[in-house]
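Colleague: I am new to this structure and would like a close look at a single part of it. Could you take me through one place in the chain and then set it in the context of the whole?

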Amino acid sequence: MNSTWNQIVYKVWSPFYDQFFNKGIFLKARREVFKDIEWVQGERVLFVGCGTGADLEYVSHNDIEITAIDFSSDMLDKAKEKFHHTNITFLQMDAQNLTFPDETFDIVIASLLLSVVPNPHKCMEEMIRVTKPKGRILIFDKFVPENQELSLFKRGIRPLISLLGTDIGLRFEQVANPFSKQLSIQTDSPIMLNGMYRKIIGVKNSV
């Protein structure tokens, strides 16, 4: 995957994205991910890779300051259309190269993002960088379950699926381990498809 190809893929996906990833089991999963999240008045929240804004439906927009970014202008336009009546700030930006200062946000949220970006390690590094000490990072994504091998079938179709804009062979542990001193994982729970999709919450450690 590369950024240019992702732009093309999500330009194609944008008219249909909600029909696949904000319906049925995905809708149920998103509700499960956000049901216990506490929002504190005045907090600054960043949605990294907000897509069409599917997750924004589960957040109290009036009490917190929300910034939502996406690399795809087509996906971002869909989100803007849905939430034009809110005070959400929408920006086109690369999740691997966030232009925000260090320690800007209280909560950073990444749904179905790490498995999409060309360099998930750089994306994780950037998310941690812009999170305040003791701030939270919430991740909802698909990963190979820990201590399991990718099946022969999935190994075979992985390159093809990658052309559609996502990696089915990503391991969260490989992405997160280099940052273990900076981020403490508080929650890691299966959400969907026998643990293929997980809800992960990390807290940024104070220096």
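Modeller: In this predicted model, Glu43 sits in the loop that runs between helix α3, residues 24-34, and strand β1, residues 44-48. Is Glu43 buried or exposed? With a relative accessibility of 12%, Glu43 counts as buried, because the limit for that class is under 20% relative accessible area. When neighbours within four places in sequence are set aside, the residues in contact with Glu43 are Glu38, Ile64, Glu65, Asp106, Ile107 and Arg136.

Two of these partners lead on to another feature, since Ile107 and Arg136, which are in contact with Glu43, also belong to the lining of the largest cavity, together with Ile37, Leu138 and Ile201. The structure holds 1 cavity of 30 Å³ or more, and the space in the largest cavity comes to about 30 Å³. Sorted by class, its lining has 4 nonpolar residues and 1 charged residue, with no polar ones.

On the other side of the loop, helix α3 can be followed through Ala29, which has its place in that helix. Ala29 is buried, for its relative accessible area is 3%, and that value lies under the 20% cut-off. Apart from neighbours within four places in sequence, Ala29 is in contact with Phe140, Ile191 and Met192. A further link across the sequence is given by Tyr197, which is 168 residues away from Ala29 along the chain, while the distance in space between their C-alpha atoms is 8.8 Å.

To set this part in the whole, the protein has 7 helices and 7 strands, and their order along the sequence is α-α-α-β-β-α-β-β-α-β-α-α-β-β. The protein is as compact as a globular protein of 207 residues, because its radius of gyration is 16 Å, close to the 17 Å that the globule rule gives for that length. Its C-alpha trace spans about 50 × 40 × 30 Å along the principal axes.

Glu43 and Ala29 both count as buried, and across the protein 52% of the 207 residues fall in that class. Of the contacts in the protein with a separation of 6 or more, 66% are between residues 24 or more positions apart. The accessible surface of the protein, finally, amounts to about 10400 Å², and carbon and sulfur atoms account for 52% of that area.

Notes
Residues are numbered from 1 along each chain as its sequence is written. This is a predicted model: local features need pLDDT of at least 70, side-chain atom pairs count only at pLDDT 80 or more; totals for chains, interfaces and linings use all residues. Side-chain values use heavy atoms; hydrogens and water are left out. On a 1 Å grid over the protein atoms alone, a cavity is a set of points where a 1.4 Å probe fits but cannot get out, and a pocket is an open set with protein on both sides within 12 Å along at least five of seven lines; lining residues have an atom within 4 Å of a point. Grid points are joined across faces, edges and corners, and a volume is the space filled by probe spheres set on the points. Ala, Val, Leu, Ile, Met, Phe, Trp, Tyr, Cys and Pro count as nonpolar, Asp, Glu, Lys and Arg as charged, and the others, Gly among them, as polar. Helices (H or I, at least four residues) and strands (E, at least two) are DSSP runs, numbered from the N terminus. The radius of gyration is taken over C-alpha atoms; the globule rule is 2.2 Å times the number of residues to the power 0.38. Buried means under 20% relative accessible area, exposed over 50%, partly exposed in between (1.4 Å probe, protein chains only). Contact means heavy atoms within 4.5 Å. Accessible areas come from the Shrake-Rupley method with a 1.4 Å probe; for residues, only the protein chains shown count as cover.
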